[in-house]
Amino acid sequence: MPLREHLVELRKRLFLAACGLVVGAVVGWLLFDPVFHALQKPLLDAASARGATASVNFGGLATAFDMRLKISLFLGAILTSPWWLFQFWAFVTPGLTRRERGYAIGFVGAAAPLFLAGSYLAWTTMPTAVRVLTDFIPQEATNLIDAQTYLSFVMRFVLAFGVAFVLPVVMVAVNMAGLVRASTWAKGWRWAVLLAFVFAAVMTPTPDAITMVVMALPICALYFIAVGICVLHDRRVNKARVAAGLPRLDGTMADEDDDEAPAASADADEPGRA
């Protein structure tokens with residue numbers, strides 16, 4: 001399509017994604033009270049178990065309205081994640097071949113559940129993080145926690161792990177686009193594991209190692225699953241290139257590797273063949 005039509009299509013997809021986000025934000029606004037109760041419950045339960053008192057404090061006149069708006073948008077982004085991911089797919093689809101469209105559907109179909117799974121994992125481990133942090137409150141003391149600080153921490157915590165769970169899909173996408181080979185991802189597995197644990201340690205600011213391991217292990221597992229998919233894809237591409245007489249992805253020719261050219265090796269070693 002011409003550039004102008006691309007821009008028109010982009011505007012259309014952004015508008016539809018924004019409309020979906022607004023609808024999700026309205027639902028999030030209606031769900032604010034039970035969600036806010038669920039967010040502060042781990043804090044109140046952990047403090048009361050130690051004989052202390054904790055409370056979420058709204059320090060300004062407009063703070064409550066501001067936080068309700070932010071949480072509504074936060075919930076809307078999570079609830080409508082399949083919709084705005086679909087809009088991204090619908091924008092790039094016209095420039096793809098039939099096979100690439102199938103890949104794109106797979107990417108969107110995998111990205112949305114992984115985003116929700118990462119967000120859910122963060123949500124389920126959040127009470128542990130809150131309980132460990134509130135253990136430092138002295139008994140019979142009162143801790144007034146700023147609402148914006150507490151709720152912003154929770155939202156960043158949930159969204160960060162949702163995005164982290166989508167990164168393996170991005171790895172597979174750039175591999176199938178021919179930008180990064182599977183061997184490159186495989187060689188960097190040590191750095192990937194290190195970064196996964198560092199990310200988990202930073203995003204779960206608790207002194208216990210159990211929470212960090214629980215959050216890091218799924219990210220590592222998804223990384224290795226993505227590497228395996230990339231390896232299978234590169235093998236299939238190499239076979240197709242060898243059959244077409246082209247060099248492999250690493251630049252080598254078929255006759256340089258006996259494993260992928262058994263027929264050529266047999267013909268060369270068999271006596272009496274011309």
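**Notebook: helix α8, a nonpolar patch and two salt bridges**

I began with helix α8 and listed its buried residues: Ala192, Ala196, Ala200 and Met203. I then looked at their directions around the axis and found an arc of only 80°, which means that they lie on the same side of α8. I recalled the general rule that an α-helix has 3.6 residues a turn, so residues three or four places apart point the same way. I note here that the model is a predicted one.

Next I asked which helices the buried residues of α8 pack against. They pack against α6 (147–176) and α9 (209–243). I turned to the face of α8 directed away from the buried side and recorded the exposed residues Arg190, Trp191 and Val202 there.

I also checked the length of α8. The helix has 15 residues, 189–203, and at 1.5 Å a residue it should span 21 Å. The C-alpha atoms at its ends are 21 Å apart, so the expected span and the model agree.

**Entry on the surface**

I looked up the nonpolar surface patch and noted an area of about 680 Å². Its members are Val22, Val26, Trp29, Leu30, Phe65, Leu69 and Leu73. Which helices each supply at least two residues of the patch? I found that α1 (3–30) and α3 (63–79) do. The largest share, four residues, is that of α1.

I examined one member of the patch singly. Leu69 is placed in helix α3. Its relative accessibility is 38%, and therefore I entered Leu69 as partly exposed.

**Entry on the salt bridges**

How many salt bridges does the structure hold? I recorded two.

One of them joins Arg13 to Glu9, with the closest N and O atoms 2.9 Å apart. Both residues belong to helix α1 and are four residues apart, about one turn of the helix. I checked whether Arg13 and Glu9 are buried or exposed. Both Arg13 and Glu9 are buried.

Another joins Asp66 to Lys70, where the closest N and O atoms are 3.5 Å apart. I located this pair in helix α3; Asp66 and Lys70 are four residues apart, so about one helical turn separates them. I then looked up the accessibility of each partner. Asp66 has a relative accessible area of 25% and is therefore partly exposed. For Lys70 I noted 34%, so Lys70 is partly exposed as well.

Notes. Residues are numbered from 1 along each chain as its sequence is written. This is a predicted model: local features need pLDDT of at least 70, side-chain atom pairs count only at pLDDT 80 or more; totals for chains, interfaces and linings use all residues. Side-chain values use heavy atoms; hydrogens and water are left out. The expected span of a helix is 1.5 Å times one less than its number of residues. Buried means under 20% relative accessible area, exposed over 50%, partly exposed in between (1.4 Å probe, protein chains only). The arc is that of the directions from the helix axis to the C-beta atoms. Contact means heavy atoms within 4.5 Å. Patches are made of residues with over 30% relative accessible area and no salt bridge: like charges are joined within 9 Å, nonpolar side chains (Val, Leu, Ile, Met, Phe, Trp, Tyr) within 5 Å. Accessible areas come from the Shrake-Rupley method with a 1.4 Å probe; for residues, only the protein chains shown count as cover. A salt bridge is a side-chain nitrogen of Lys or Arg within 4 Å of a carboxyl oxygen of Asp or Glu.
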